[in-house]
Amino acid sequence: MSLTPIQKQTLMSEYQIHDTDTGSADLQIAILTERIVQLTGHLKKNPKDHASRRGLLKMIGRRRRLLAYIKDKSLNRYQDLIKRLGIRR
């Protein structure tokens, strides 16, 4: 259910702000979004997995807080990130 190192490296190369970036808010949001998508698919197949559902809700809350942080810092960066990730349709 977690991301493979190859998937994580692909996300890092796509969403890094600079070459040595390993934990910016943009990158954290991209990784969380990918994990949320995977976990949502898992929960569609396993609707009684309440422990995973709780983890999903915690991830969604963390992503929401990080998005609020970026929105406060730079509205243009926030809008660009939302568009690139395809969330908030």
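User: Before we get into helix 1, what do "buried" and "exposed" mean here?
Analyst: Buried means under 20% relative accessible area and exposed means over 50%, with partly exposed in between. With that in hand, and keeping in mind that this is a predicted model, the face of helix 1 turned away from its buried side carries the exposed residues Pro5, Ile6, Gln9 and Ser13.

User: And which residues of helix 1 are buried?
Analyst: Those are Leu11, Met12 and Tyr15. Around the axis they cover an arc of only 100°, which puts them on the same side of helix 1.

User: What covers them?
Analyst: The cover over the buried residues of helix 1 includes helix 2 and helix 4.

User: OK, stepping back, how many helices and strands does the protein have?
Analyst: There are four helices and zero strands, and the pattern read along the sequence is α-α-α-α. The C-alpha trace spans about 40 × 30 × 20 Å along its principal axes, and of the 89 residues in the protein, 35% are buried.

User: What share of the contacts comes from residues far apart in sequence, say 24 or more positions?
Analyst: Among contacts with a separation of 6 or more, residues 24 or more positions apart account for 50%.

User: Back to helix 1 and helix 2, at what angle do they cross?
Analyst: The axes of helix 1, residues 5-15, and helix 2, residues 25-45, cross at roughly 140° and come within 9 Å. That angle makes helix 1 oblique to helix 2, and the crossing of the two is right-handed.

User: Which side chains or residues meet there?
Analyst: From helix 1, Gln7, Lys8, Leu11, Met12 and Tyr15 meet Asp26, Leu27, Ala30, Ile31, Glu34 and Gln38 of helix 2. Sorted by class, this contact has six nonpolar, two polar and three charged residues.

User: What about helix 2 and helix 3, how are they packed?
Analyst: Helix 2 and helix 3 pack at an angle of about 155°, and their axes are 9 Å apart. Angles over 145 degrees count as roughly antiparallel, and helix 2 and helix 3 are therefore roughly antiparallel to each other. Helix 2 passes helix 3 in a left-handed crossing. The residues making this contact include Ile29, Leu32, Ile36, Leu39 and Leu43 of helix 2, together with Leu56, Met59, Ile60, Leu66 and Ile70 of helix 3. By class, the contact of helix 2 with helix 3 has 13 nonpolar, six polar and five charged residues.

User: I had my eye on Leu56. Buried or exposed?
Analyst: Leu56, which lies in helix 3, has a relative accessible area of 9% and is therefore buried.

User: Which residues does Leu56 touch?
Analyst: Leaving aside residues up to four places away in sequence, Leu56 touches Ile36, Leu39, Thr40 and Leu43. As for the start of the chain, Leu56 and Ser2 are 54 residues apart along the chain, and their C-alpha atoms are separated by 12 Å.

User: Moving on, how far apart are the axes of helix 3 and helix 4?
Analyst: Their axes are 5 Å apart, and the two helices pack at an angle of about 135°, so helix 3 and helix 4 are oblique to each other. In this contact, Leu67, Ile70, Lys71 and Lys73 of helix 3 meet Leu75, Arg77, Tyr78, Leu81 and Ile82 of helix 4. The residues of the contact divide into six nonpolar, no polar and three charged.

User: Which residues of helix 4 are buried, and where do they sit around the axis?
Analyst: In helix 4, residues 75-85, the buried residues are Tyr78, Leu81, Ile82 and Leu85. Viewed down the axis of helix 4, these residues fall within an arc of 100°, so they line one face of the helix. Their cover includes helix 1, helix 2 and helix 3, whereas the exposed residues Asn76 and Lys83 are carried by the face turned away from the buried side.

User: What follows helix 4?
Analyst: Helix 4 is followed by Gly86, whose phi is positive, near 75°.

User: Last one, Gln79. Where is its place, and how accessible is it?
Analyst: Gln79 has its place in helix 4, and because its relative accessibility is 43%, Gln79 counts as partly exposed. From C-alpha to C-alpha, Gln79 and Lys48 are 35 Å apart in space, with their positions 31 residues apart in sequence given as the separation.

Note on methods
Residues are numbered from 1 along each chain as its sequence is written. This is a predicted model: local features need pLDDT of at least 70, side-chain atom pairs count only at pLDDT 80 or more; totals for chains, interfaces and linings use all residues. Side-chain values use heavy atoms; hydrogens and water are left out. Axes are lines fitted to C-alpha atoms, for helices over the stretch in contact, and angles run from 0 to 180 degrees between N-to-C directions. Angles under 35 degrees count as roughly parallel, over 145 as roughly antiparallel, 65 to 115 as roughly perpendicular and the rest as oblique. A crossing is left-handed if the near helix is turned anticlockwise from the far one by less than a right angle, and right-handed if clockwise. Contact means heavy atoms within 4.5 Å. Ala, Val, Leu, Ile, Met, Phe, Trp, Tyr, Cys and Pro count as nonpolar, Asp, Glu, Lys and Arg as charged, and the others, Gly among them, as polar. Buried means under 20% relative accessible area, exposed over 50%, partly exposed in between (1.4 Å probe, protein chains only). The arc is that of the directions from the helix axis to the C-beta atoms.
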